[in-house]
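Got the viewer open? Let's take a walk through the model, one selection at a time.

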Amino acid sequence: MKTMKNKRVVITGPTSGIGKEIAIGLAALGAELILACRDIEKGRQAAAEIAKRTGSSNAVVMHIDTSSQQSIRDFAREFRRKYRRLDALINNAGGNRGTLPKVSSADGIELTFATNVLGYFLLTQELLDLLEKSTPARIVNVASTYASDLDLDDLQFERRPFESFKVYAQSKACNRMLTWALARRLDGSGVTANAMAPGLIAETGLYRNAPAELVGRLRQYGAGRTSAEGADTAVWLASSPEVEGVSGKFFEDRRVIRCEFRNRKAEEKLWGICEELVRQKPSQK
Ligand SMILES: NC(=O)c1ccc[n+]([C@@H]2O[C@H](COP(=O)([O-])OP(=O)(O)OC[C@H]3O[C@@H](n4cnc5c(N)ncnc54)[C@H](OP(=O)(O)O)[C@@H]3O)[C@@H](O)[C@H]2O)c1
């Protein structure tokens, strides 16, 4: 890995699980971190843990709720007020409703889709010009090999019964598809966009609302894989000279893996739907 000295990285969801370990990995390489958190106190605790484990106190905590478009825009405005450049963006914050019922975000969008999909999409759009001014720059989207149940005509499970693991799996398919569509748009810009899968890590907060017997089974499948192991590929994608200029690829354990959701027409349809869903009404401008 390359030193990340003088490199500024925004990471969402650094307060637990994989995101915290990505932050620790990047701090250990000398990066300046912007910890984008919905809970400032948890963010401060994460910053203290990062400092303790790496000796680096080069981390700033900023508020964002990635399920809320207003919050994402406020974050970007505040970021822009403070900073002129951004070297890497790691979209990681996500959730799974588990046994909790379907709910809508502040924008009236199914919450998992709002957070896991539009949260990545809109934050990237909001920070893209800064990344483009800071080339070479990198975008890393934390996706998953657990991806299925894509229905572009029912992304918010209005027609299908709400089943949280299907909703989650669809969101992770969307993360990849939007990464491929983004990489196409960024071709030649000096900004790369890749997706990665951390592997199954039962110890994170992602399964906190899942039924207990499922968590037990996940622990068996996950075979004790740690968040740090899951974070490694994201840290590598954000920092390594080995992937300089590499874009539009799906990685697991530092290797390119196949993505079964490569379909330009479907990716573009999804992109268009996301654009529409984040479009500001005249009164919001
Ligand atoms: N664990 C796995 O097996 C696995 C496998 C494949 C992919 N992933 C992906 O890895 C990523 C991280 O998940 P994890 O397993 O590390 O789970 P986690 O421990 O629950 O971490 C999720 C992080 O996202 C933050 N977050 C959630 N909703 C947010 C919102 N609306 N606004 C701002 N921050 C929000 C959480 O903040 P709080 O601390 O405030 O809750 C937390 O920091 C997710 O994208 C997930 O899909 C996980």
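A crossing is left-handed if the near helix is turned anticlockwise from the far one by less than a right angle, and right-handed if clockwise. Helices (H or I, at least four residues) and strands (E, at least two) are DSSP runs, numbered from the N terminus. Before you click, keep in mind that this is a predicted model: local features need pLDDT of at least 70, side-chain atom pairs count only at pLDDT 80 or more, and totals for chains, interfaces and linings use all residues. Residues are numbered from 1 along each chain as its sequence is written.

**Whole chain.** Start zoomed out, in cartoon. You should find eight helices and eight strands. Along the principal axes, the C-alpha atoms fill a box of roughly 50 × 45 × 35 Å. The radius of gyration (taken over C-alpha atoms) is 18 Å, which agrees with the value near 19 Å for a compact globule of 285 residues; the globule rule is 2.2 Å times the number of residues to the power 0.38.

**Helix 3 with helix 4.** Select residues 69–82 for helix 3 and 111–133 for helix 4. Their axes are 10 Å apart and the packing angle is about 30°. Axes here are lines fitted to C-alpha atoms, for helices over the stretch in contact, and angles run from 0 to 180 degrees between N-to-C directions. Helix 3 and helix 4 are therefore roughly parallel to each other; angles under 35 degrees count as roughly parallel, over 145 as roughly antiparallel, 65 to 115 as roughly perpendicular and the rest as oblique. The crossing of helix 3 past helix 4 is right-handed. Now show side chains: Q69, I72, R73, A76 and F79 of helix 3 meet G119, L122, L123, E126 and L127 of helix 4, where contact means C-beta atoms, placed from the backbone, within 7 Å. This contact has six nonpolar, two polar and two charged residues (Ala, Val, Leu, Ile, Met, Phe, Trp, Tyr, Cys and Pro count as nonpolar, Asp, Glu, Lys and Arg as charged, and the others, Gly among them, as polar).

**Two backbone stops.** From helix 4, step into the loop that leads to strand 5 (137–142) and pick P136. A cis peptide bond joins T135 and P136, with omega about 0°. Next, go to D149, in the loop between strand 5 and helix 5 (164–186). Phi of D149 is positive, near 55°, in a residue other than glycine.

**Helix 1 and its partners.** Color helix 1 (residues 17–28) and add helix 7 (residues 227–239). Their axes come within 8 Å and cross at roughly 50°, so helix 1 and helix 7 are oblique to each other. Their crossing is right-handed. Among the contact residues are G17, I18 and K20 of helix 1 and S227, A228 and G230 of helix 7. By class, the contact of helix 1 with helix 7 divides into eight nonpolar, five polar and three charged residues.

Swap helix 7 for helix 2 (residues 40–54), which packs on helix 1 at about 45° with the axes 10 Å apart. Here the crossing is right-handed. Look for K20, A23, I24, A27 and A28 of helix 1 against A46, I50, R53 and T54 of helix 2.

**Ligand.** Which residues are closest to the ligand? Among the 28 that surround the ligand, they are G13, G17, G94, T204 and G205; near means a C-beta atom, placed from the backbone, within 6 Å. Helix 1 gives the largest share of this shell, three residues. The shell divides into nine nonpolar, 15 polar and four charged residues.

Definitions and conventions:
Two residues are in contact if their C-beta atoms, placed from the backbone, lie within 7 Å.
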